[in-house]
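Me: I'm just starting out with protein structures. Could you walk me through how the labels on this one are decided?

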Amino acid sequence: MYDPAGNAIARDAAVVTFVEAAPPAALGHLVHRFVSLRTDVELDEDYRFHALPDACTYLIFDQRDPRICGATRLRASSQELDLGREFHFTNVRLMPGAWAGDDVGEGPVEDGYRGDLPFREVARRLVGLDFAAQQRVLSRFVGWLAEKGLVRPEPAIARIFAHVDDVASVADMASAACLSPRQLQRSLKHSTGLAPHDFLKVLRLQRTLRSHDHSAYADQSHFIRSFRTATGYTPGRFGATFDV
């Protein structure tokens, strides 16, 4: 099972609360985690949040301003987002390829949602609830999206994940997905926004973050260079700065 590390939390951010929760079993093929990120007090300086590439789509709800919500993807490299001195976000991290809707952005969600989906209505329901109650609201929302066909499993990606430990190249991915390279290109671009080589980079990075397995890289220099390209940090500095 693909288990991405989606976020890196600064080790010195003691007054920032980050909580993840697994979804109900019935949604486990669509949702990786429900996520809450908030400040407990006003910080002395802006907080920079390190979002790791994971090929997931996020449903974002700003609890301080419920108008700001929507669906977004990350790029194939890490993004440091300036969240300011006070914030409270409740998010759904969907499994890669699960989002089938058109209303999806790239990067941070900073503007009010203007689409036709009930993001704003859901955002208003979340305000003031504890995280357990928010998960129930979000589970119903994901269930509604599934009924509408806006979230659904992506078979090609599911096949790749079933053989993810054996995937070392784009050709391996195509073989695991039972697709030609051209079909794989179209499928991944449509479902994740990533080209196959970028998707492979994400899988390699996530394997390293979760298991410290460097076997997907040709040698130590290749690993360090790729890690720095993906995260902006050397492995040593990253480990000293962030908790994953």
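Reply: Happy to! Keep in mind that this is a predicted model. Let's begin with Ser 78, which has a relative accessible area of 14%.

Me: What makes Ser 78 buried or exposed at that value?

Reply: The cut-off for buried is under 20% relative accessible area. Ser 78 has 14%, so Ser 78 is buried. You can find Ser 78 in the loop between S6 and S7.

Me: Which residues is Ser 78 in contact with?

Reply: Leaving aside neighbours within four places in sequence, Ser 78 is in contact with His 50, Ala 51, Leu 52, Pro 53, Ala 230 and Thr 231.

Me: Why does Cys 178 count as buried or exposed?

Reply: Exposed means over 50%. Cys 178 has 60% relative accessibility, so Cys 178 counts as exposed. Look for Cys 178 in the loop between helix H4 (170-177) and helix H5 (181-192). The phi of Cys 178 is near 60 degrees, a positive value in a residue other than glycine.

Me: And what about Ala 55: buried or exposed?

Reply: Try the cut-off of under 20% again. Ala 55 has 9% relative accessibility, so Ala 55 counts as buried. Ala 55 sits in the loop between S4 and S5. Its phi is near 70 degrees, which is positive in a residue other than glycine.

Me: How do you know that strand S5 is largely enclosed?

Reply: Count its buried residues. In S5 (residues 57-62), 6 of the 6 residues are buried, so the strand is largely enclosed by the rest of the structure. Thr 57, Leu 59 and Phe 61 point one way, Tyr 58, Ile 60 and Asp 62 point the other way, and all are buried. In a regular strand the side chains alternate between the two faces of the sheet.

Me: How do you know that S5 and S6 pair?

Reply: Pairing needs at least two bridges. S5 and strand S6 (residues 69-73) are joined by 5 bridges and run antiparallel, so the definition is met. As an example of a bridge, Phe 61 has Cys 69 as its partner in S6. A hairpin of 6 residues joins S5 to S6.

Me: What strand does S5 pair with over 6 bridges?

Reply: That is strand S8 (residues 88-94), and the pairing is antiparallel. There, Arg 93 in S8 is the bridge partner of Tyr 58.

Me: What makes up the largest nonpolar core?

Reply: That core has 47 residues, and Leu 59, Phe 61, Trp 99, Phe 119, Ile 160, Met 173 and Phe 199 touch the most other members. Helix H2 (residues 131-147) gives the most to this core, with 6 residues. Apart from it lies another core, of 16 residues, among them Ala 51, Ile 60, Ile 68 and Val 109. In soluble globular proteins, nonpolar side chains tend to be buried together.

Me: How much space lies in the largest pocket, and which residues lie nearest its centre?

Reply: About 480 Å³ of space lies in the largest pocket. The pocket is lined by 26 residues, and Leu 81, Leu 83, Phe 89, Pro 108 and Val 109 lie nearest its centre. By class, the lining has 15 nonpolar, 6 polar and 5 charged residues. Strand S3 (31-39), strand S4 (48-51), S5, strand S7 (79-82) and S8 each supply at least two residues of that lining.

Definitions and conventions: Residues are numbered from 1 along each chain as its sequence is written. This is a predicted model: local features need pLDDT of at least 70, side-chain atom pairs count only at pLDDT 80 or more; totals for chains, interfaces and linings use all residues. Side-chain values use heavy atoms; hydrogens and water are left out. Buried means under 20% relative accessible area, exposed over 50%, partly exposed in between (1.4 Å probe, protein chains only). Helices (H or I, at least four residues) and strands (E, at least two) are DSSP runs, numbered from the N terminus. On a 1 Å grid over the protein atoms alone, a cavity is a set of points where a 1.4 Å probe fits but cannot get out, and a pocket is an open set with protein on both sides within 12 Å along at least five of seven lines; lining residues have an atom within 4 Å of a point. Grid points are joined across faces, edges and corners, and a volume is the space filled by probe spheres set on the points. Ala, Val, Leu, Ile, Met, Phe, Trp, Tyr, Cys and Pro count as nonpolar, Asp, Glu, Lys and Arg as charged, and the others, Gly among them, as polar. A nonpolar core is a set of buried Ala, Val, Leu, Ile, Met, Phe, Trp, Tyr and Cys residues joined through side-chain atoms within 4.5 Å. Contact means heavy atoms within 4.5 Å.
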